[in-house]
Amino acid sequence: MLTPNLSYANLKESYLFYHIAQRTKAWLAEHPDKHLYRMGIGDVSLPLVPAVIAALHEAVDDQSEKNRFHGYMPECGAPFLRETISEYYQKRGISLSPDEVFVSSGASDELGDILDLFDRSNRALIMEPAYPAYVDANIMAGREIVHLPSGPDNHFLPLPKEGLDADLIYLCSPNNPTGAVYNRDQLSQWIAWANARGAVILFDAAYEAFIEEDLPRSIFEIPGARTCAIEICSLSKTAGFTGTRLGYTVIPKDLERGGLNLNAMWIRNRTTKTNGISYILQRGGAAVFTEEGRKQVLGNIRIYKENARVLMAALDEAGAHYWGGKNAPYIWMQCPNGMGSWEFFDKLLGEIQVVGTPGEGFGACGEGFFRFSTFGDPADTREAAKRLLNLLRK
Ligand code: MLT
């Protein structure tokens, strides 16, 4: 008889954002006249920028003519997009060849898929609070997880320490959910640790475009990363592709483990398991990196940053403790009066119709904290900030 993947029994009953969506939907069904101020899941509210829309339209037209039409795309990405992305790194002083860049359908898909490269016996180190997909994908794969808690004492930026034992290291910087960003020295410590023990770092750079201070936006800015790191990026938050789906992954050719080359392994994986990303989407993605596209997506990021400023001003006025919001699109707040994070979630939803994400959903050490996304509609965010300030002042 068939045996299902029994590791699924070790998962929480539902995934964090699905659970919140269901809970919110149920509340709304009971209060159909209410408007919700959505600052929960990090989903964008602004449309794709004009340069991307123009490129998508043009690509649709290409598909309508025999001599411009594209069938299967190269599995690892269209050369025009792989080159464009390697130039994007080049402009930031990082030398990558186009065949070290793999076009993907988005960071969350890729973070799960990439685990194919690693044996189940490897231990995954997850710094918490963490994006819950890291944990769930490893549980599904039956892998042992080493939970490394962080908190205000280490500014939510844990570092390698004596006795730490793991093979696959998740680093998310700027961090989801805390907004903390590793500096060069701190990343160098993780790189030295990973290289010394033959571990591999999975560096989630989905929020790099939100960094405004002099902090690393790619792990490949740091010497030593090419022999121990894979970087996973997304256009979801950078360019509003949450509903369009496009990302990219960098696997340096220098990265080898157990006598195997991980870049070559990923080519083998992709050429077997995918038929590439659609031509239309890749044309849209390439437009993000043009001068015009870049200006336009930065314009949208400025709007989200203004949302963050509005929310932080309300939290400052209320005397709340919070982290993030400056180099990241998330604000991580300490719940008031020792409240639990789900208790605070229910209070915000019930009393002021603001939806956020309870910190406990990002791991046990997130209990007592709450995350606000700043990707919401600007008018809604201003209203939510007012409501939040009134509630916190009571
Ligand atoms: C989040 O809200 O943490 C993420 O944006 C959700 C996602 O990217 O899957």
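## Basis of the report

A polar contact is taken here as a pair of N or O atoms within 3.5 Å, and within protein one of the two must be able to donate a hydrogen and the other to accept it, while residues adjacent in sequence count only if both atoms are side-chain atoms. The model is predicted, and local features need pLDDT of at least 70, side-chain atom pairs count only at pLDDT 80 or more, and totals for chains, interfaces and linings use all residues. Residues are numbered from 1 along each chain as its sequence is written, and side-chain values use heavy atoms, with hydrogens and water left out.

## Polar contacts of the ligand

Tyr330 places a polar side-chain atom 3.1 Å from an oxygen atom of the ligand, Asn176 does so at 2.8 Å, and for Arg371 the distance from a polar side-chain atom to a ligand oxygen is 2.7 Å. Of the 270 Å² of accessible area that the ligand has on its own, the protein covers 84% (Shrake-Rupley method, 1.4 Å probe).

## Two domains around the ligand

An automatic or database assignment divides the protein into domain 1 (13–42 + 293–393) and domain 2 (50–289). Both domains give residues to the shell around the ligand, so the ligand lies between them.

The centres of domain 1 and domain 2, taken over C-alpha atoms, are 26 Å apart, and 28 residues of domain 1 are in contact with 35 residues of domain 2, where contact means heavy atoms within 4.5 Å.
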